[in-house]
Amino acid sequence: MEATSVQLLLAVSSLVCCWTDAAGLKVSPSSSQMFEGDSVSLSCEEDDSSAGWTLRRNTTRGQLSQCGQGWGRPAGSSCKLGYVLPGDSGVYWCESRQGQTSSSINLTVSGGAVILQSPVLPVMEGDPVTLTCTTRPPASTLPAAFYKDGSLLSTQPAGHMTILHVSSSDEGLYSCDISGHGESPPSWISVTGRPPTTAPPTSSAPPPVSLQLVFRVVLHLVVFCPYLVSTVLMVSLYGHRGNTLINH
């Protein structure tokens with residue numbers, strides 16, 4: 001049932017992300033998972049304040065609503081949840097009066113003893129990312145096992161794991177486990193490609209001289225020069241003979 005809920009949330013999230021992105025959704029604290037009873041603030045970073053951006057969500061129970069309609073405390077384009085419950089888990093996004101939407105995020109509220117603190121927003125390819133497995137406050141540093149798509153990645157004595165250079169192959173469903181405390185819910189980590197960089201303009205170099213062109217010029221000179229020299233000599237010789245006859 002849990003896997004089905006995660007797949008449903010990912011499907012809804014992908015549909016929302018395909019629409020026009022005209023505002024950015026920020027969450028504080030910046031984590032995709034939180035414990036029951038924690039507080040969280042969400043805000044729409046908008047370019048056009050007149051668009052009337054509001055926070056909306058679709059929970060794992062299939063309840064589609066906006067902030068203030070049975071959940072959260074709206075304040076302009078922000079929304080404050082003072083005491084989150086597992087029923088608050090779901091997909092969150094910003095939406096304007098004209099129907100424009102921001103990119104969406106997935107939030108998971110756990111009633112258990114362990115959560116995985118992971119980026120709530122997509123990670124840029126090549127950047128580092130740190131995953132932290134933590135227990136309910138007071139949190140303690142305990143060894144934790146980290147999983148990706150159900151397979152064990154590693155066991156870390158300090159309870160956190162860092163991927164130094166994220167690539168597209170690191171995208172997937174992550175979870176962690178602390179022995180004697182329990183396992184965290186799964187969270188999806190998305191990886192986005194870096195924008196292409198434009199090469200600096202280069203100075204235009206003169207086109208290379210063709211060897212064939214050089215050969216043809218040399219050939220013409222070799223063929224033409226003897227005729228030119230002989231013509232000059234003949235003209236000079238006839239001119240000299242003409243002057244001699246006139247003098248005699």
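User: A disulfide is a pair of cysteine sulfur atoms within 2.5 Å, so how many does the structure hold?
Analyst: Three. Keep in mind that this is a predicted model, where local features need pLDDT of at least 70, side-chain atom pairs count only at pLDDT 80 or more, and totals for chains, interfaces and linings use all residues. Residues are numbered from 1 along each chain as its sequence is written, and side-chain values use heavy atoms, with hydrogens and water left out.

User: What pattern do the disulfides follow?
Analyst: Counting bonded cysteines along the chain, the pattern is 1-4, 2-3, 5-6.

User: Which residue does C44 join?
Analyst: C94, with an S to S distance of 2.1 Å. C44 is in strand β3 and C94 in strand β8, so the link ties together parts 50 residues apart in sequence. Strands are DSSP runs of E, at least two residues, numbered from the N terminus.

User: Are C44 and C94 buried or exposed?
Analyst: Both are buried, meaning under 20% relative accessible area with a 1.4 Å probe, protein chains only; exposed is over 50%, and partly exposed lies in between.

User: What about C133?
Analyst: C133 forms a disulfide with C176. The torsion about their S-S bond is about 80 degrees, so this disulfide is right-handed. C133 is also the bridge partner of L116.

User: Changing topic: in what order do the three strands of the open sheet come?
Analyst: β10-β12-β15, with antiparallel pairing; two strands pair if DSSP finds at least two bridges between them. β10 and β15 stand at the edges with a single partner strand each, so one side of each has no neighbour in the sheet.

Methods
Helices (H or I, at least four residues) and strands (E, at least two) are DSSP runs, numbered from the N terminus. A disulfide is a pair of cysteine sulfur atoms within 2.5 Å.
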